[in-house]
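Biologist: I've got a model open and would like to talk through its pockets and helix packing. Can you take me around?

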Amino acid sequence: MKLSKRLDTVARAIPAGATAADIGSDHAYLPCYLCLENRISKAVAGEVAEGPYHSALSQVRKWNLTDRISVRKGDGLEVITPGEVDVVAIAGMGGKLIADILERGQSKLSGVSRLVIQPNVAGETVRLWFMTHGWRLRDETILEEDGKIYEVLVAERGDGHSPYRMAGEAGLRYGPFLMKEQNAAFRKKWRAEIAKWQRIEEQLAHAGETQEIMERKKRLRKKIDETEEILNG
Ligand code: SAM
């Protein structure tokens with residue numbers, strides 16, 4: 001079984017020997033892969049939607065992993081009991097939905113020591129959630145696959161504010177580790193964002209001078225200048 005580069009990055013962040021829950025597991029590739037590689041012995045695959053839940057069930061049966069992976073239907077972290085798993089992975093959803101799942105499922109996180117999160121968009125919302133809920137961002141990866149750029153965030157319990165003492169507030173948007181490293185995927189992502197904001201700025205140039213438009217323009221310019229500054233060191 002071969003994982004995509006994106007899911008492989010998530011898999012690598014799950015410590016060997018952990019008991020993991022994969023929330024929003026869909027096809028259950030992640031827990032199947034980890035068990036087949038004998039990296040972990042037990043996992044929970046959680047899914048809220050009927051189709052993906054059945055897809056997870058059949059994948060787990062196909063690989064004869066029914067005694068090691070428990071496939072459960074339910075919303076977010078409601079599929080696990082406190083203390084049941086030590087790692088929670090949530091991948092392939094928007095950052096807002098992920099932060100909402102974490103927020104609503106806080107009581108289920110009591111035995112969890114590591115969160116491995118791959119937001120498709122709005123990583124900033126997840127970083128902010130970590131920061132304000134006692135989860136310390138430990139590692140970040142940004143990668144490109146099939147023309148799309150993904151971030152993988154790893155957090156452990158601790159001082160949520162600590163990663164931002166050096167990077168400041170900008171760290172929430174760009175990622176304190178990612179902005180330091182500035183690999184090719186990071187630079188591509190933020191160059192594309194700047195280009196998008198500049199297009200909006202051009203459109204707004206012909207949209208009149210109301211208070212609202214002026215404020216929008218100001219916010220856009222601030223984002224463009226800040227991002228240029230980060231990229232230009
Ligand atoms: N995690 C897999 C991956 O990264 O390849 C699948 C990602 S798929 C795009 C997102 C999955 O999350 C869908 O199957 C969807 O049904 C599920 N999902 C969305 N909201 C959820 C929730 N509140 N609880 C559990 N699963 C959810």
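**Pockets and a helix pair**

Modeller: Sure, and keep in mind that this is a predicted model. Let's start with the largest pocket, where α9 (184-205) supplies the largest share of the lining, 8 residues.

Biologist: Which residues lie nearest the centre of the largest pocket?
Modeller: The lining has 27 residues, and α5 (123-132), β7 (148-157), α9 and α10 (211-231) each supply at least two of them. By class, the lining divides into 10 nonpolar, 4 polar and 13 charged residues. Nearest the centre are Ala122, Lys189, Trp190, Glu193 and Lys196.

Biologist: Which element gives the most to the lining of the second largest pocket?
Modeller: That pocket holds about 290 Å³ of space, and Gly24, Ser25, Glu47, Ala91 and Met93 are the closest of its 19 lining residues to the centre. α1, β1 (19-23), β4 (87-93) and α4 (95-104) each supply at least two lining residues. The one that gives the most, with 3 residues, is β4.

Biologist: Are α1 and α2 parallel, perpendicular or oblique to each other?
Modeller: Helix α1 (residues 5-12) and helix α2 (residues 29-36) have axes 10 Å apart and pack at an angle of about 55 degrees. Angles of 65 to 115 degrees would count as roughly perpendicular and those under 35 as roughly parallel. The pair is therefore oblique.

Biologist: How many charged residues are in the contact of α1 with α2?
Modeller: α1 brings Leu7, Asp8, Val10 and Ala11, while α2 brings Tyr29, Leu30, Tyr33 and Leu34. By class, that contact has 7 nonpolar residues, no polar ones, and a charged count of 1.

Conventions. Residues numbered from 1 in each chain as written. Predicted model: local features only at pLDDT ≥ 70, side-chain atom pairs only at ≥ 80, totals over all residues. Heavy atoms only, no water. Axes fitted to C-alpha atoms, helices over the stretch in contact; angles between N-to-C directions. Helix = DSSP H or I, 4+ residues; strand = E, 2+ residues; numbered from the N terminus. Parallel < 35°, antiparallel > 145°, perpendicular 65-115°, else oblique. Contact = heavy atoms within 4.5 Å. Nonpolar A, V, L, I, M, F, W, Y, C, P; charged D, E, K, R; others polar. 1 Å grid on protein atoms, 1.4 Å probe; cavity = no way out; pocket = protein on both sides within 12 Å on 5 of 7 lines; lining within 4 Å. Points joined across faces, edges and corners; volume = space filled by probe spheres on them.
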